[in-house]
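Student: Please take one part of this structure and look at it closely, stating each cut-off as it comes up. I would like the cysteines treated before the strand pairing.

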Amino acid sequence: MTDTDRVAADRAGELERHPLVPPERGSELALDAVRLDSGATLTVDDGLHDTLLFVHAGGGTLDEAPLDGRCAGFVAAGTAGSLTAGPEGAQCLRVTVGAETDLHAPMGSPEPAVALEHVEPGQATGARSFQVLYGPHNGSTRATLFVGYIPSGKAPWHYHLYDEIVWVLRGEGRLYVGDAIEPLAPGCAFRLHAREVHIVENTQPTEELVVVGIFTPAGSPSAAYLTADVAATYAIAG
């Protein structure tokens, strides 16, 4: 582990940070994996970027708000927050969202923390579903953070109008982009550019593929578009 991967923390523990999807020209999104020992603190204080956190193991507090497993937190650009790990430590994703992305009109009051178990599911293409943790409805006007559930099989070739980073929480599958095919397993992360045609396949016969997705500009995860040849097939079938 290099010096850039380890960040100074208080005496109670260590904090490790590993880039998963680094910043890229033309994109306002970047993703890090963060691990905190018991009592360690991650300080978020960025004047230019919104920060979204998703705790997927262990737990702690974001200032005074509890962030136990499968919870998300939000720290807006120009403000500060501190994630402090509890007795079991914490493992989380940290997403930074740059200021150049288009802002969605706010649709609700900001929430410092959201538990996944309290979020109503929505429907996407086919039998796929999702739970939106952050978006314009609760303070995140630059990006949407959601957990998506993909049943066995794969959707047709399609694309989105948003720039997206996806991280695999549970399950196995494959990512198809052009002629490239990449295996997917827990802890994998990848970027999908706007209008990049792709397929995410769940190769498990009975278990869901569960992913965490973040995209800009903010909107609905269900907004997918078919390529002309695929759309024509659907029209003929209908």
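Tutor: A residue is called buried when its relative accessible area is under 20%, exposed when it is over 50%, and partly exposed in between, with a 1.4 Å probe and protein chains only. This is a predicted model, in which local features need pLDDT of at least 70 and side-chain atom pairs count only at pLDDT 80 or more, whereas totals for chains, interfaces and linings use all residues. Residues are numbered from 1 along each chain as its sequence is written, and side-chain values use heavy atoms, with hydrogens and water left out.

Cys188, at 27% relative accessibility, is therefore partly exposed, while Cys92 is buried at 1%. A search of the whole structure finds 0 disulfides (a disulfide being a pair of cysteine sulfur atoms within 2.5 Å). For Cys92, the closest cysteine sulfur belongs to Cys71 and lies 12 Å away, which is too far for a bond. Cys188 is likewise in no disulfide, the nearest cysteine sulfur, that of Cys92, being 18 Å away.

Turning to the strands (DSSP runs of E with at least two residues, numbered from the N terminus), an open sheet of 6 strands has the order 10-11-12-20-15-18 with antiparallel pairing, where two strands pair if DSSP finds at least two bridges between them. Its edge strands, each pairing on one side only, are strand 10 (122-123) and strand 18 (189-192). Strand 10 is joined to strand 11 by 2 bridges, and Gly122 stands opposite Phe130 in strand 11. Ser129 also lies in strand 11 (residues 129-134) and is buried at 16% relative accessibility.

Technical notes: Helix = DSSP H or I, 4+ residues; strand = E, 2+ residues; numbered from the N terminus.
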